[in-house]
Amino acid sequence: MNILSKIAMAYVRWSELEVDPAGLDRFTRLAEENVRETRSTEPGVLAFYWASERVHPNRIRVFEVYADENAYQEHLQSPHFQKFRAGSGPLVTSHQFFEAVPVMLGTKPQLPPTGAVVRIAELEIRPTQLDAYKAIVSEEIDASIRVEPGVFAIHAFALKNRPNHLRLYEIYADERAYLLHRESPHFKKYLEATQDMIIARRLIETAPPVLPLTLN
């Protein structure tokens, strides 16, 4: 099955949670263990990332891509996830789940380096221009992955119940790679073409990520 087929069938989940600051170190250890076990035992999990805000490290975003909904249900029943849920539940003070729809899941086949930089963008798009925006951002993501060695992943997806609310989860080799991306011709073309399509934009800097499971 090729990558485009996987994208069309993918079951995407997005979570936003807050952790009690006093329990953040324990949560991190549990989450890292869950990622490692998921990566080694679940072929139906195509991507599995989490990152915390740099300014508020107890505010965490989780991005998950499964081959289909059955793979997601299998993940929920896995021993490592059950262990993670039991251990982390008392540490989490708030948790929001969102089903999401993939727009463009762009990634290199190899994992990013340990010191990778993650950027998250929360966008609200004018409903009348949503299809045009999706086409433009998909083109920009494709170019970024193909021609920029420091761009490891840019995942664009929409919240299922609010389809004009998009999220971009971006992974760069380091800060320099991120800055070079901002100066690339395809990114500047994207900015110019979409400036009137975006109603609201929030950019989130994150703390260094744990080693992720990547789309393959």
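Helices α3 and α4 are oblique to each other, because the angle between their axes fits neither roughly parallel (under 35 degrees), roughly antiparallel (over 145) nor roughly perpendicular (65 to 115). That angle is about 60°, and the axes lie 5 Å apart. Axes here are lines fitted to C-alpha atoms, for helices over the stretch in contact, with angles running from 0 to 180 degrees between N-to-C directions. Helices (H or I, at least four residues) and strands (E, at least two) are DSSP runs, numbered from the N terminus. On the α3 side, the contact (heavy atoms within 4.5 Å) uses H75, L76 and Q77; on the α4 side, P79, H80, F81, Q82 and R85 take part. Sorted by class, that gives 3 nonpolar, 4 polar and 1 charged residues, where Ala, Val, Leu, Ile, Met, Phe, Trp, Tyr, Cys and Pro count as nonpolar, Asp, Glu, Lys and Arg as charged, and the others, Gly among them, as polar.

All of this comes from a predicted model, in which local features need pLDDT of at least 70 and side-chain atom pairs count only at pLDDT 80 or more, while totals for chains, interfaces and linings use all residues. Residues are numbered from 1 along each chain as its sequence is written, and side-chain values use heavy atoms, leaving out hydrogens and water.

Helix α4 (residues 79-88) also packs against helix α2 (residues 24-41), at about 170° and with 9 Å between the axes. These two helices are therefore roughly antiparallel. From α2, residues including R26, F27, L30 and E37 meet α4 residues, among them H80, F81, K83 and F84. This contact has 5 nonpolar, 6 polar and 4 charged residues.

Now for the rings: the structure holds 15 aromatic pairs (Phe, Tyr or Trp rings, using the six-membered ring of Trp, with centres within 6.5 Å; planes under 30 degrees apart are stacked, over 60 edge-to-face, the rest tilted). Y11 and Y72 make a tilted pair, 5.3 Å centre to centre with 45° between the planes. This pair ties strand β1 to helix α3, across 61 residues of chain. Y11 is buried (under 20% relative accessible area; exposed is over 50%, partly exposed in between, with a 1.4 Å probe and protein chains only) at 11%, and Y72 is buried at 8%.

Y49 and F63 are stacked, with centres 6.1 Å apart and planes at 0°. Here strand β2 is linked to strand β3. Y49 is buried at 3%, and F63 is buried at 0%. Both rings belong to a cluster with W14, F157 and Y169.
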